[in-house]
Amino acid sequence: MRRRQRICRREVSEDGAVRHRPTAPDALLDQSHALDAWLQALPADAYGRPSVLDGWDVRLLVAHLLLIERGLVRVLKQPSREKPLAPYAFVARYRPSAEAIGTSTHDTAAEHTGPELTAQFGTSLDVVAATLADAYPAVVQAPRGPLRAEDWIETRIVELVVHTDDLNRTFPELEPIPLVRSALGRTARCLAGMLADAYPGRSVEVRIPPYAAVQCGVGDPGPTHTRGTPPNVVETDVLTFLRLAAGRTAWTDALASGAVHASGLRADLSDVLPLLS
């Protein structure tokens, strides 16, 4: 089993107890290692199974995970002097780059078998850990524009969590890959923050307990909320929210199944989701 040094911040509570709060690098590495341990136990013949992502089998999905880890390291070594993009503006560039991302994924997979890609993914974690433990620029040049390094790391956490869920849905009969709480929480807060930044306003409150609650403007701005119970509320669990944000679940389906609770005339996010695709 691979070992790594945690990069935690120390917090001292009122009673004097010292607690360690996982940083973004910790969350990323913990989720990566959870993925690595699960993939190492995956039978070789399972890589040919079609994943829940249209046109991608499991081998390609693992290649994409490897691409995420390698890209993380490469970008953290590329400083930028440009003004960084807001995270929501950065991820909005995913859709036009979908073909290029697909090509890079196929190139990464090349002629490698699934187990070979898993071995490469595991090896890359040592490089990722060393890179995150070292100093890196405040602003980096990512493939789709300049971004704060911390935002870059958080978008990688989002990718890892979303694809962990993709694998769990692909193999419902297997023990699921753990969704690390710190990574899941950062994913929820990151996506909720993108929603609020992309659609500023206070007409709708979106709640993802226990991780996040944000206000945003959807469609007609309508009345704003200042105190008490907001007039328009959307509440859902964290997995449903990330699936909605990543385009894995349609708003109407989530609403019909009861996974989303919406109250108020403007409590409708169908026009603003997904955020990623």
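**Reading a buried serine and a hairpin**

Ser32 touches Glu69, Phe121, Leu125 and Leu160, leaving aside residues up to four places away in sequence.

Trainee: Before we consider that residue, what is the overall make-up of this protein in helices and strands?

Mentor: The model is a predicted one. The protein contains nine helices and eight strands. Of its 277 residues, 49% count as buried.

Trainee: Where does Ser32 lie, and is Ser32 buried or exposed?

Mentor: A residue is called buried when its relative accessible area is under 20%. Ser32 has a relative accessible area of 0%, and therefore counts as buried. Its place is in helix α1, which spans residues 24-40.

Trainee: Which backbone atom lies 2.8 Å from a polar atom of the side chain of Ser32?

Mentor: A polar contact requires a pair of N or O atoms within 3.5 Å. Here the partner is the backbone oxygen of Leu28, at 2.8 Å from a polar atom of the Ser32 side chain.

Trainee: How much of the contact total comes from residues 24 or more positions apart?

Mentor: Among contacts in the protein with a separation of 6 or more, such residues account for 70%.

Trainee: How should strands β3 and β4 be read, and how many bridges join them?

Mentor: Two strands pair if there are at least two bridges between them. Strand β3 (residues 139-142) and strand β4 (residues 145-148) are joined by four bridges and run antiparallel. A hairpin of two residues connects β3 to β4.

Trainee: Which residue of β4 stands opposite Ala142?

Mentor: Gly145 in β4 is opposite Ala142.

Methods: Residues numbered from 1 in each chain as written. Predicted model: local features only at pLDDT ≥ 70, side-chain atom pairs only at ≥ 80, totals over all residues. Heavy atoms only, no water. Buried < 20%, exposed > 50% of the residue type's maximum accessible area, 1.4 Å probe, protein only. Polar contact = N/O pair within 3.5 Å; in protein donor to acceptor, adjacent residues only side chain to side chain. Contact = heavy atoms within 4.5 Å.
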